[in-house]
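Morning, everyone. I'd like to walk you through one structure today. Let's put it up.

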Amino acid sequence: MIKTALLGHPLGHSLSGVIHTAAFKSVNLDGKYELIDVAPNKLDETIERLKKEGFAGFNVTIPHKVEVKGRLQLWDMLVDYAGATNCVKIKPDGAMYGYNTDIYGFTEAIPVEKRDNLVGKKALVLGNGGAARAVAVALVMMKVGNIDFLVRNLEKASALHELMQNNFKNTCCQLIQTVADISQYSIIVNATPLGMFGENVGKMPLAASILEKANKDTIAYDLVYNPLETAFLKTSKEFGLYTIGGLDMLVYQAQKAFKIFTGKQPDFEKMKEAALKFL
C-alpha cells in the first residue's frame, strides 16, 4: 500500500483526503491518504514517523509551508521563488525533495487563451500570505507585466515584496493599501480567506462599488473553494467578469502532487467529481 498524507494545523474541512482517495481509485492503486493535524512544535517528530512508516510523501499546508524547507535535502526552484513548499516526496533512502504544486494548480485553472491575454498586462493580488506568493510566481511565469499586492500591513508584506524584487527583477511589483480604480487590471486574485466557509463566509475582499469599475474582460479569480461561488465571484459575475473558483486549482495541484508521490497520472475529472460530491 502507498501511504501519503497532509500535514497542517488546523486542518478543518480539508478536501485533500477525498481528492487523493479518488486519485488512487482512478489509477487502480492500493493507497491511503491521511489528514494529520500537526502543531508547529511537532513537525520534526511527525516527519520522522512518516519516514519510519514508509510514507511515499506528504502535502504541506498552513502553518508549515515555509518552515518545512529547512528539513529538505533537495527542492525544486519554484520552492525558492515562492518561498513555500506544499508537496514533499520521501525517497527510499529517507531524503526529502520539496515542490510547490500550487503554482501549477493556479496556472492550469486558467484557460490557455485567457493566459495568453495576460502577457504584459497588470494584475491585482489581494493578500500577501503563502497563497499570494504562489499566485505571484505563476503570474510572472505567465509574463504578466505588473503586479500590485493589496495588503493591510506593509511591514508584514515586506518579505513578499523583497522576495519578488530579488527573484523577478523584470516584473514591476508594488505593495498598495488602497485601490479605487481597478480598470487597469486584467486579472484580480483573492488570496485571502475572505469569503471562505465559516466566520468569513459572505465577506468580500473588494467592495462591490469597486468591482463594478473593472473592465468586462477582466478575470476574477478566487482561491477559496468552499463555498464554490463566493460573494466575490458572484458579484464579479453579475458585473460581467470572467470568474474562476478555487476548486480547479486545488484539484490540479493535488493531481501533480499525486504524480510526484506515485509516478501515475490520476484522472482530474474523477478527482473533481469526488470533491464536488463531498461539498
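Start with Tyr-104. At 27% relative accessibility, Tyr-104 is partly exposed. Keep in mind that this is a predicted model.

What does Tyr-104 pair with? Six aromatic pairs are counted in this structure. One of them joins Tyr-104 and Tyr-252, edge-to-face, with 6.4 Å centre to centre and 85° between the planes. This pair links distant parts of the chain. Tyr-104 sits in helix 4, residues 102–108, and Tyr-252 sits in helix 10, 148 residues apart.

Now Tyr-252. Its relative accessible area is 18%, so Tyr-252 counts as buried. Tyr-252 has a second partner, Phe-268, and that pair is stacked: 4.1 Å centre to centre, 25° between the planes. Here helix 10 is linked to helix 11, with Tyr-252 and Phe-268 16 residues apart. Phe-268 is buried too, at 11% relative accessible area. Put together, Tyr-104, Tyr-252 and Phe-268 make a cluster through their ring pairs.

Next, helix 1, residues 16–26. Is helix 1 largely enclosed or largely open? Largely enclosed by the rest of the structure, because eight of its eleven residues are buried. Among the buried ones are Ile-19, His-20, Ala-22, Ala-23 and Phe-24. What covers them? The cover includes strand 1 (2–8), strand 2 (31–37) and strand 3 (57–60). It also includes helix 10 (247–262) and helix 11 (268–278). Those two helices also carry Tyr-252 and Phe-268 of the stacked pair. One backbone detail: just after helix 1, Asn-28 takes a positive phi of about 55°.

On to charges. How many salt bridges does the structure hold? Twelve. I'll show a few.

First, Glu-48 with Lys-51, at 3.7 Å from N to O. These two are three residues apart in helix 2, residues 43–52, so about one helical turn separates them. As a reminder, an α-helix has 3.6 residues a turn, so residues three or four places apart point the same way. Both ends are partly exposed: Glu-48 has a relative accessible area of 39%, and Lys-51 is at 26%.

Then Arg-49 with Glu-53. The closest N and O atoms are 3.2 Å apart. Glu-53 is partly exposed at 34%, and Arg-49 is partly exposed at 31%.

Then Glu-67 with Arg-71, 3.2 Å from N to O. Arg-71 is partly exposed, at 23% relative accessibility. Glu-67 is partly exposed as well, at 31%. This bridge belongs to a network, where salt bridges link Asp-44, Glu-67 and Arg-71.

Cysteines next. How many disulfides does a search of the whole structure find? Zero. Take Cys-173. Why no bond there? The closest cysteine sulfur, in Cys-172, is 6.8 Å from the sulfur of Cys-173, which is too far for a bond. Cys-173 is also buried, at 6% relative accessibility. Cys-87 is buried as well, with a relative accessible area of 0%.

Last stop, the surface. Leu-228, Leu-276, Phe-278 and Leu-279 make a nonpolar patch of about 350 Å². Where is Leu-228? In the loop between strand 11 (219–222) and helix 9 (231–238). Leu-228 counts as partly exposed, because its relative accessibility is 41%.

To recap. Three rings form a cluster: Tyr-104, Tyr-252 and Phe-268. Helix 1 is largely enclosed. Twelve salt bridges, zero disulfides, and a nonpolar surface patch that includes Leu-228. Over to you.

Terms used. Residues numbered from 1 in each chain as written. Predicted model: local features only at pLDDT ≥ 70, side-chain atom pairs only at ≥ 80, totals over all residues. Heavy atoms only, no water. Patch = residues over 30% accessible without salt bridge, like charges linked within 9 Å, V, L, I, M, F, W, Y side chains within 5 Å. Areas by Shrake-Rupley, 256 points an atom, 1.4 Å probe, with all protein chains shown as cover. Salt bridge = Lys/Arg side-chain N within 4 Å of Asp/Glu carboxyl O. Helix = DSSP H or I, 4+ residues; strand = E, 2+ residues; numbered from the N terminus. Buried < 20%, exposed > 50% of the residue type's maximum accessible area, 1.4 Å probe, protein only. Disulfide = S-S within 2.5 Å. Contact = heavy atoms within 4.5 Å. Phe/Tyr/Trp six-rings, centres within 6.5 Å; stacked < 30°, edge-to-face > 60°.
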